[in-house]
Amino acid sequence: MATTKRWVDANGKQHGGLPFVKNTLGQLLGNVVYLGKVRHKDEFHEGQHPAIVDANLWRDVHEVLDRNHRTAGAFQRNRYGALLKGLLRCKPCDAAMVHSPVSTNHRQYRYYVCTNAQKIGYEHCPCPSLRAASIEQSVLERLRAIPFNNTKLRGSPIAAAVGALLERPAETIPSELAASVRVLVESVEHDARAGRIGLTLTPEAADCLSPRAGA
Ligand SMILES: [Zn+2]
């Protein structure tokens, strides 16, 4: 079976070599549409639209993702473009919530399920499963409301991710959006008891907050 390109980074860590399945390209971190190019039958063509994000900027985003490679593997296997895969935690149980797609009658339902509830019983968790679409929407709304500082964003590796989130939410494809969320968010805690969602930003994103927001 064909695999994605294998390469070794400066730290000697191996990347790539993943089975080249149908969706892999779209799910690799980032997307060439950002560079004004359109993929057509595995060839890259100059796109109709101008590059909306500077190529160097988008490369920076990839570097941030590589550095934070704790979730990169999970993301590359993210067949459903699940926004919070590898990021969501159940606060009362202090456990990961895993993305769980369920198919019934030709329809796809997606949930995030508490791994502690899976292990020791659903009655031990105040909220063992969440509708994926609803928690993803809530997190996106929270992210869009974050007061990033435009001056600090300029030239920051997270600028492209913030742009993808804010500027064209309706046009952004799921894998692009998921990549952008990973650049900005280190973890999301669902606290069913307090009825709140806690976001922990990546250091790069926290660096770009408006001064008052960090206080
Ligand atoms: Zn739980």
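**View 1. Six strands line up in an open sheet.** In this predicted model, the strand order is S8-S7-S6-S5-S9-S10, and the pairing is mixed. At the edges sit strand S8 (129–131) and strand S10 (196–201), each of which pairs on one side only. Going from one strand to the next, the twist averages 35°. As a bit of background, strands of a sheet pair through backbone hydrogen bonds, and they can do that parallel or antiparallel.

**View 2. S5 meets S9, with H5 packed on the sheet.** Zoom in on S5 and S9 and you'll find a parallel pair joined by three bridges. Look for leucine 88 here: its bridge partner in S9 is valine 188. Helix H5 packs on the sheet, where it touches S6, S7, S8, S9 and S10. The direction of H5 makes about 70° with that of S8.

**View 3. The largest nonpolar core has 35 residues.** Leu84, Met97, Tyr112, Cys114, Ile158, Ala161 and Leu184 are the ones that touch the most other members. Several elements chip in with at least two residues each: strand S5 (88–90), strand S7 (107–114), helix H5 (132–144), H7, helix H8 (174–184) and strand S9 (185–191). The top contributor is H7, which gives six residues to this core. In soluble globular proteins, nonpolar side chains tend to be buried together.

**View 4. Helix H7 is largely enclosed.** This helix covers residues 159–166, and the rest of the structure largely encloses it, because six of its eight residues are buried. The buried ones to pick out are Ala159, Ala160, Ala161, Val162, Ala164 and Leu165.

**View 5. Aspartate 94 has a positive phi.** Find this residue in the loop between S5 and strand S6 (95–104). Its phi is near 50°, a positive value in a residue other than glycine. Most residues other than glycine have a negative phi. Aspartate 94 also counts as exposed, because it has 9 C-beta neighbours inside 10 Å and the cut-off for exposed is 12 or fewer.

**View 6. Pulling back to the whole chain.** Now for the wider setting of these close-ups. The secondary structure comes to ten helices and ten strands. Of the chain's 215 residues, 30% count as buried. Taking the contacts with a separation of 6 or more, 48% come from residues 24 or more positions apart.

How values were computed
Residues numbered from 1 in each chain as written. Predicted model: local features only at pLDDT ≥ 70, side-chain atom pairs only at ≥ 80, totals over all residues. Buried ≥ 20, exposed ≤ 12 C-beta atoms within 10 Å, placed from the backbone. Helix = DSSP H or I, 4+ residues; strand = E, 2+ residues; numbered from the N terminus. Contact = placed C-beta atoms within 7 Å. Core = buried A, V, L, I, M, F, W, Y, C linked by C-beta atoms within 7 Å. Pairing = 2+ DSSP bridges. Axes fitted to C-alpha atoms, helices over the stretch in contact; angles between N-to-C directions.
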